[in-house]
Amino acid sequence: MAPFPLFRWAAAVGILVWTATGTAPHSISDWFTANFPWLLVAGVLTLAPEVVRIEFGGLKMELLRETREDVKALSQQINQLQVQQASASASTSVHQYFHDAAAAARVAADVKRGEETEAVPAKDINWDAMLKAALDNLPSSRTGWQPASRPSSNPEPGSNVET
Amino acid sequence: MSTAPTSDSTVASDVLVAQTVLDRLSKLAEADPEKAEAVAQAIQSVGRVPAATIRIDLPDGPRGAKYMALAPSDPDAPVIIYRSLIPGVDQQVPGWLVTALLSPTEYQRYREAERTGLLDDPAFQKLMLAGLGAAAIAWLLSRSGKPV
(Lines give C-alpha, C1' and ligand atoms only; values in the text may rest on other atoms or scores of the structure.)
Protein backbone atom coordinates (compact mmCIF):
# COMPACT_ATOMS: atom_id res chain seq x y z
CA MET A 1 0.00 0.00 0.00
CA ALA A 2 1.14 3.52 -0.76
CA PRO A 3 2.31 5.50 2.25
CA PHE A 4 0.06 7.71 4.38
CA PRO A 5 -3.30 6.83 2.75
CA LEU A 6 -5.35 8.52 5.48
CA PHE A 7 -3.33 11.71 5.24
CA ARG A 8 -3.53 11.79 1.45
CA TRP A 9 -7.24 11.17 1.25
CA ALA A 10 -7.92 13.63 4.05
CA ALA A 11 -5.85 16.21 2.20
CA ALA A 12 -7.73 15.53 -1.03
CA VAL A 13 -11.14 15.82 0.68
CA GLY A 14 -9.97 19.01 2.45
CA ILE A 15 -8.99 20.56 -0.90
CA LEU A 16 -12.35 19.65 -2.41
CA VAL A 17 -14.23 21.05 0.60
CA TRP A 18 -12.15 24.19 0.57
CA THR A 19 -12.64 24.82 -3.12
CA ALA A 20 -16.35 24.05 -2.87
CA THR A 21 -16.95 26.47 0.01
CA GLY A 22 -14.56 29.18 -1.19
CA THR A 23 -16.01 29.62 -4.59
CA ALA A 24 -19.70 28.94 -4.91
CA PRO A 25 -20.05 27.56 -8.40
CA HIS A 26 -22.80 28.55 -10.82
CA SER A 27 -22.26 25.37 -12.70
CA ILE A 28 -20.14 22.24 -12.48
CA SER A 29 -18.07 23.29 -15.46
CA ASP A 30 -17.39 26.72 -13.93
CA TRP A 31 -16.41 25.13 -10.64
CA PHE A 32 -14.29 22.56 -12.42
CA THR A 33 -12.57 25.20 -14.51
CA ALA A 34 -11.97 27.50 -11.57
CA ASN A 35 -10.61 24.80 -9.33
CA PHE A 36 -8.83 22.71 -11.91
CA PRO A 37 -5.32 23.26 -10.44
CA TRP A 38 -6.47 22.25 -7.00
CA LEU A 39 -8.36 19.25 -8.36
CA LEU A 40 -5.22 18.30 -10.21
CA VAL A 41 -3.22 18.56 -7.00
CA ALA A 42 -5.86 16.47 -5.17
CA GLY A 43 -5.86 13.89 -7.96
CA VAL A 44 -2.10 13.68 -8.05
CA LEU A 45 -1.96 13.54 -4.29
CA THR A 46 -4.47 10.72 -4.27
CA LEU A 47 -3.51 8.67 -7.28
CA ALA A 48 0.18 9.21 -7.84
CA PRO A 49 1.32 7.20 -4.85
CA GLU A 50 -0.97 4.37 -5.93
CA VAL A 51 0.45 4.48 -9.45
CA VAL A 52 3.96 4.55 -8.06
CA ARG A 53 3.10 1.68 -5.74
CA ILE A 54 1.69 -0.38 -8.59
CA GLU A 55 4.76 0.24 -10.74
CA PHE A 56 7.12 -0.36 -7.91
CA GLY A 57 5.10 -3.36 -6.86
CA GLY A 58 5.25 -4.69 -10.40
CA LEU A 59 8.99 -4.22 -10.52
CA LYS A 60 9.27 -5.86 -7.16
CA MET A 61 7.11 -8.74 -8.34
CA GLU A 62 9.24 -9.11 -11.43
CA LEU A 63 12.43 -9.14 -9.36
CA LEU A 64 10.85 -11.57 -6.96
CA ARG A 65 9.78 -13.83 -9.82
CA GLU A 66 13.27 -13.77 -11.35
CA THR A 67 14.83 -14.42 -7.97
CA ARG A 68 12.51 -17.33 -7.37
CA GLU A 69 13.36 -18.76 -10.79
CA ASP A 70 17.07 -18.37 -10.05
CA VAL A 71 16.65 -20.02 -6.68
CA LYS A 72 14.66 -22.83 -8.27
CA ALA A 73 17.32 -23.34 -10.95
CA LEU A 74 20.07 -23.33 -8.35
CA SER A 75 18.11 -25.72 -6.21
CA GLN A 76 17.70 -28.07 -9.15
CA GLN A 77 21.42 -27.88 -9.88
CA ILE A 78 22.25 -28.59 -6.26
CA ASN A 79 19.83 -31.51 -6.22
CA GLN A 80 21.34 -32.86 -9.41
CA LEU A 81 24.83 -32.56 -7.97
CA GLN A 82 23.74 -34.25 -4.76
CA VAL A 83 22.15 -37.06 -6.72
CA GLN A 84 25.33 -37.48 -8.79
CA GLN A 85 27.52 -37.44 -5.69
CA ALA A 86 25.26 -39.86 -3.85
CA SER A 87 25.22 -42.14 -6.87
CA ALA A 88 29.01 -42.01 -7.21
CA SER A 89 29.45 -42.57 -3.49
CA ALA A 90 27.03 -45.49 -3.48
CA SER A 91 28.73 -46.99 -6.51
CA THR A 92 32.14 -46.65 -4.85
CA SER A 93 30.84 -48.09 -1.60
CA VAL A 94 29.24 -51.05 -3.34
CA HIS A 95 32.39 -51.63 -5.38
CA GLN A 96 34.55 -51.39 -2.28
CA TYR A 97 32.17 -53.66 -0.37
CA PHE A 98 32.34 -56.44 -2.90
CA HIS A 99 36.07 -55.95 -3.38
CA ASP A 100 36.69 -56.30 0.35
CA ALA A 101 34.10 -59.04 0.72
CA ALA A 102 35.71 -61.05 -2.06
CA ALA A 103 39.16 -60.55 -0.52
CA ALA A 104 37.91 -61.58 2.91
CA ALA A 105 36.19 -64.65 1.47
CA ARG A 106 39.42 -65.65 -0.30
CA VAL A 107 41.35 -65.32 2.94
CA ALA A 108 38.82 -67.46 4.79
CA ALA A 109 38.95 -70.06 2.03
CA ASP A 110 42.77 -70.11 2.14
CA VAL A 111 42.79 -70.58 5.89
CA LYS A 112 40.10 -73.23 5.62
CA ARG A 113 42.16 -75.19 3.11
CA GLY A 114 45.14 -74.94 5.43
CA GLU A 115 43.04 -76.29 8.26
CA GLU A 116 41.89 -79.26 6.21
CA THR A 117 45.23 -80.37 4.79
CA GLU A 118 47.98 -82.29 6.51
CA ALA A 119 50.53 -80.34 8.48
CA VAL A 120 54.26 -80.92 8.53
CA PRO A 121 56.47 -80.06 11.53
CA ALA A 122 58.62 -77.10 10.59
CA LYS A 123 61.70 -78.75 12.09
CA ASP A 124 61.33 -81.66 9.65
CA ILE A 125 61.30 -79.44 6.60
CA ASN A 126 64.54 -79.07 4.72
CA TRP A 127 64.12 -75.44 3.90
CA ASP A 128 67.35 -75.08 1.96
CA ALA A 129 66.54 -78.10 -0.15
CA MET A 130 63.06 -76.84 -0.83
CA LEU A 131 64.22 -73.40 -1.86
CA LYS A 132 67.12 -74.78 -3.88
CA ALA A 133 64.83 -77.24 -5.61
CA ALA A 134 62.72 -74.32 -6.72
CA LEU A 135 65.86 -72.56 -7.88
CA ASP A 136 66.98 -75.57 -9.88
CA ASN A 137 63.85 -75.23 -11.95
CA LEU A 138 64.64 -71.65 -12.84
CA PRO A 139 66.45 -70.58 -16.01
CA SER A 140 70.21 -70.26 -15.55
CA SER A 141 70.01 -66.47 -15.74
CA ARG A 142 68.02 -66.37 -12.53
CA THR A 143 70.10 -68.62 -10.30
CA GLY A 144 72.27 -65.97 -8.72
CA TRP A 145 70.39 -66.17 -5.47
CA GLN A 146 71.50 -68.46 -2.66
CA PRO A 147 69.50 -69.18 0.47
CA ALA A 148 70.51 -67.02 3.39
CA SER A 149 71.84 -68.54 6.55
CA ARG A 150 69.25 -69.88 8.93
CA PRO A 151 67.73 -67.37 11.32
CA SER A 152 69.45 -66.79 14.58
CA SER A 153 67.76 -67.16 17.93
CA ASN A 154 66.64 -63.53 17.60
CA PRO A 155 65.21 -63.39 14.08
CA GLU A 156 64.26 -60.30 12.18
CA PRO A 157 60.84 -61.33 10.79
CA GLY A 158 57.89 -59.73 12.45
CA SER A 159 59.65 -56.51 13.20
CA ASN A 160 57.25 -54.67 10.87
CA VAL A 161 54.09 -56.24 12.26
CA GLU A 162 51.60 -54.13 14.11
CA THR A 163 51.09 -55.47 17.58
CA MET B 1 49.69 -60.53 21.06
CA SER B 2 50.69 -64.10 21.61
CA THR B 3 52.83 -65.42 24.38
CA ALA B 4 55.54 -67.23 22.59
CA PRO B 5 57.25 -70.32 23.92
CA THR B 6 60.99 -70.09 23.85
CA SER B 7 63.28 -72.51 22.16
CA ASP B 8 67.00 -72.78 21.88
CA SER B 9 66.90 -74.53 18.54
CA THR B 10 67.03 -72.53 15.33
CA VAL B 11 63.64 -73.93 14.28
CA ALA B 12 60.79 -73.99 16.73
CA SER B 13 59.96 -77.62 17.26
CA ASP B 14 56.33 -76.90 17.96
CA VAL B 15 55.44 -75.27 14.66
CA LEU B 16 53.39 -77.20 12.13
CA VAL B 17 53.04 -76.00 8.55
CA ALA B 18 50.01 -76.87 6.44
CA GLN B 19 50.83 -78.58 3.16
CA THR B 20 48.98 -75.87 1.24
CA VAL B 21 51.38 -73.34 2.72
CA LEU B 22 54.38 -75.38 1.63
CA ASP B 23 52.94 -75.73 -1.87
CA ARG B 24 52.46 -72.00 -2.12
CA LEU B 25 55.91 -71.38 -0.71
CA SER B 26 57.44 -73.64 -3.36
CA LYS B 27 55.68 -71.71 -6.09
CA LEU B 28 56.82 -68.46 -4.53
CA ALA B 29 60.41 -69.75 -4.43
CA GLU B 30 60.29 -70.34 -8.16
CA ALA B 31 58.95 -66.86 -8.80
CA ASP B 32 60.83 -64.88 -6.19
CA PRO B 33 63.43 -66.76 -4.08
CA GLU B 34 64.19 -63.82 -1.83
CA LYS B 35 60.58 -63.43 -0.77
CA ALA B 36 60.33 -67.17 -0.24
CA GLU B 37 63.41 -67.07 1.94
CA ALA B 38 61.89 -64.25 3.99
CA VAL B 39 58.69 -66.25 4.41
CA ALA B 40 60.62 -69.38 5.37
CA GLN B 41 62.52 -67.46 8.01
CA ALA B 42 59.30 -65.96 9.35
CA ILE B 43 57.65 -69.37 9.56
CA GLN B 44 60.58 -70.66 11.59
CA SER B 45 60.24 -67.74 13.96
CA VAL B 46 56.54 -68.30 14.63
CA GLY B 47 55.84 -68.25 18.33
CA ARG B 48 59.06 -66.48 19.12
CA VAL B 49 58.32 -63.03 17.76
CA PRO B 50 55.33 -60.78 18.32
CA ALA B 51 52.50 -60.99 15.83
CA ALA B 52 49.18 -59.26 15.26
CA THR B 53 45.88 -60.90 16.03
CA ILE B 54 43.56 -61.24 13.07
CA ARG B 55 39.90 -62.13 13.25
CA ILE B 56 39.04 -65.07 11.01
CA ASP B 57 35.64 -66.64 11.61
CA LEU B 58 35.40 -69.97 9.87
CA PRO B 59 31.84 -71.33 9.93
CA ASP B 60 32.92 -74.87 10.81
CA GLY B 61 36.50 -74.19 11.77
CA PRO B 62 38.17 -75.19 15.02
CA ARG B 63 36.39 -73.73 18.00
CA GLY B 64 38.32 -71.20 19.97
CA ALA B 65 40.94 -70.70 17.29
CA LYS B 66 42.70 -67.37 17.57
CA TYR B 67 44.56 -66.52 14.41
CA MET B 68 47.69 -64.41 14.21
CA ALA B 69 49.34 -62.59 11.33
CA LEU B 70 53.09 -62.35 11.01
CA ALA B 71 54.71 -60.24 8.31
CA PRO B 72 58.14 -61.32 7.05
CA SER B 73 61.06 -58.90 6.98
CA ASP B 74 60.37 -58.28 3.29
CA PRO B 75 57.27 -56.07 3.19
CA ASP B 76 56.35 -57.41 -0.25
CA ALA B 77 56.46 -61.03 0.87
CA PRO B 78 53.27 -62.88 1.83
CA VAL B 79 52.00 -62.54 5.37
CA ILE B 80 51.84 -65.70 7.48
CA ILE B 81 48.58 -66.66 9.13
CA TYR B 82 48.81 -69.11 12.01
CA ARG B 83 47.06 -70.13 15.18
CA SER B 84 47.92 -71.87 18.39
CA LEU B 85 47.23 -75.59 18.56
CA ILE B 86 44.09 -76.35 20.53
CA PRO B 87 43.70 -79.17 23.06
CA GLY B 88 40.99 -81.55 21.90
CA VAL B 89 41.28 -80.35 18.33
CA ASP B 90 44.94 -80.84 17.54
CA GLN B 91 46.98 -83.85 18.57
CA GLN B 92 50.08 -81.92 19.46
CA VAL B 93 49.83 -79.17 22.03
CA PRO B 94 51.20 -76.71 22.76
CA GLY B 95 52.36 -75.41 19.44
CA TRP B 96 51.44 -73.47 16.37
CA LEU B 97 49.84 -74.26 13.04
CA VAL B 98 50.67 -72.13 10.01
CA THR B 99 47.51 -72.26 7.92
CA ALA B 100 47.88 -69.74 5.13
CA LEU B 101 50.01 -67.25 3.28
CA LEU B 102 48.39 -64.02 2.23
CA SER B 103 49.71 -61.55 -0.27
CA PRO B 104 50.25 -58.11 1.29
CA THR B 105 47.37 -56.78 -0.82
CA GLU B 106 45.02 -59.51 0.32
CA TYR B 107 46.10 -58.95 3.89
CA GLN B 108 45.48 -55.20 3.70
CA ARG B 109 42.06 -55.73 2.13
CA TYR B 110 41.14 -58.20 4.83
CA ARG B 111 42.28 -55.77 7.48
CA GLU B 112 40.12 -53.10 5.85
CA ALA B 113 37.12 -55.44 5.86
CA GLU B 114 37.82 -56.21 9.49
CA ARG B 115 38.11 -52.52 10.34
CA THR B 116 34.87 -51.50 8.59
CA GLY B 117 32.87 -54.24 10.30
CA LEU B 118 32.26 -56.06 7.05
CA LEU B 119 32.88 -59.39 8.74
CA ASP B 120 29.78 -58.83 10.87
CA ASP B 121 27.58 -58.17 7.86
CA PRO B 122 25.06 -61.01 7.30
CA ALA B 123 25.32 -60.48 3.54
CA PHE B 124 29.07 -60.95 3.72
CA GLN B 125 28.68 -64.06 5.87
CA LYS B 126 26.43 -65.60 3.23
CA LEU B 127 28.93 -64.65 0.55
CA MET B 128 31.74 -66.21 2.55
CA LEU B 129 29.76 -69.41 3.06
CA ALA B 130 29.18 -69.61 -0.67
CA GLY B 131 32.86 -68.95 -1.33
CA LEU B 132 33.94 -71.58 1.17
CA GLY B 133 31.56 -74.08 -0.38
CA ALA B 134 32.95 -73.39 -3.83
CA ALA B 135 36.52 -73.64 -2.53
CA ALA B 136 35.76 -76.93 -0.79
CA ILE B 137 34.23 -78.40 -3.95
CA ALA B 138 37.16 -77.22 -6.04
CA TRP B 139 39.59 -78.71 -3.55
CA LEU B 140 37.79 -82.04 -3.46
CA LEU B 141 37.69 -82.17 -7.25
CA SER B 142 41.40 -81.36 -7.46
CA ARG B 143 42.17 -84.15 -4.98
CA SER B 144 40.18 -86.63 -7.00
CA GLY B 145 42.25 -85.76 -10.07
CA LYS B 146 39.43 -84.29 -12.06
CA PRO B 147 39.99 -81.04 -13.89
CA VAL B 148 38.48 -78.06 -12.16
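Student: Before we start, what counts as a salt bridge here?
Tutor: A side-chain nitrogen of Lys or Arg within 4 Å of a carboxyl oxygen of Asp or Glu. Keep in mind that this is a predicted model.

Student: Ok. How far apart are the N and O atoms in the salt bridge of Glu116(A) and Lys112(A)?
Tutor: They are 3.8 Å apart, N to O. That pair counts because the cut-off is 4 Å.

Student: And where do Glu116(A) and Lys112(A) sit?
Tutor: Both are in helix H3 of chain A, with their positions four residues apart in the count, about one turn of the helix.

Student: Is Lys112(A) buried or exposed?
Tutor: Lys112(A) counts as buried, because its relative accessibility is 12% and the limit for buried is under 20%. Its partner Glu116(A) is partly exposed, at 35% relative accessible area.

Student: How many salt bridges does the structure hold over all chains?
Tutor: There are 13. One of them joins Lys123(A) to Asp124(A), where the closest N and O atoms are 3.4 Å apart. Lys123(A) is partly exposed, with 46% relative accessibility.

Student: Which residues are linked with Glu62(A) in a network of salt bridges?
Tutor: Arg65(A) and Glu69(A). Within that network, the side chains of Glu62(A) and Arg65(A) meet at 2.5 Å, N to O.

Student: What separates Glu62(A) and Arg65(A) along helix H3 of chain A?
Tutor: About one helical turn, because they are three residues apart in that helix. Glu62(A) is partly exposed at 32% relative accessibility, and Arg65(A) is partly exposed too, at 38%.

Student: Why can side chains like that pair up at all?
Tutor: Side chains of opposite charge can pair when their charged atoms come close.

Student: Switching topic: which residues make the nonpolar surface patch?
Tutor: Ile28(A), Phe32(A), Phe36(A), Leu40(A) and Val44(A), and the patch covers about 510 Å². Two elements of chain A give two or more residues to the patch, helix H2 (28-34) and helix H3 (36-116).

Student: Which one gives the most?
Tutor: H3(A), with three residues. Leu40(A) is found in that helix.

Student: Why does Leu40(A) qualify for a patch, given its relative accessible area?
Tutor: Leu40(A) is partly exposed at 46%, and patch residues need over 30% relative accessible area and no salt bridge, so Leu40(A) passes on area.

Student: Let's zoom out. What pattern does chain A follow along the sequence?
Tutor: Chain A reads α-α-α-β-α, so to speak in counts, four helices and one strand.

Student: What share of its 163 residues is buried?
Tutor: In chain A, 25% count as buried. The accessible surface of chain A is about 11300 Å², and 64% of that belongs to carbon and sulfur atoms.

Student: What about contacts between residues 24 or more positions apart in chain A?
Tutor: They account for 39% of the chain A contacts that have a separation of 6 or more.

Student: Now chain B. At what angle do helices H1 and H2 of chain B cross?
Tutor: Roughly 145 degrees, with the axes coming within 6 Å. H1 there is residues 19-31 and H2 is residues 33-44.

Student: Which residues make that contact?
Tutor: From H1(B), Val21(B), Leu25(B), Leu28(B), Ala29(B) and Ala31(B). H2(B) brings Pro33(B), Lys35(B), Ala36(B), Val39(B), Ala40(B) and Ile43(B).

Student: And how many by class?
Tutor: The contact of H1(B) with H2(B) has ten nonpolar residues, no polar ones and one charged.

Methods
Residues are numbered from 1 along each chain as its sequence is written. Chains are lettered from A and ligands numbered from 1 in the order in which they are written. This is a predicted model: local features need pLDDT of at least 70, side-chain atom pairs count only at pLDDT 80 or more; totals for chains, interfaces and linings use all residues. Side-chain values use heavy atoms; hydrogens and water are left out. Patches are made of residues with over 30% relative accessible area and no salt bridge: like charges are joined within 9 Å, nonpolar side chains (Val, Leu, Ile, Met, Phe, Trp, Tyr) within 5 Å. Accessible areas come from the Shrake-Rupley method with a 1.4 Å probe; for residues, only the protein chains shown count as cover. Buried means under 20% relative accessible area, exposed over 50%, partly exposed in between (1.4 Å probe, protein chains only). Contact means heavy atoms within 4.5 Å. Axes are lines fitted to C-alpha atoms, for helices over the stretch in contact, and angles run from 0 to 180 degrees between N-to-C directions. Ala, Val, Leu, Ile, Met, Phe, Trp, Tyr, Cys and Pro count as nonpolar, Asp, Glu, Lys and Arg as charged, and the others, Gly among them, as polar.
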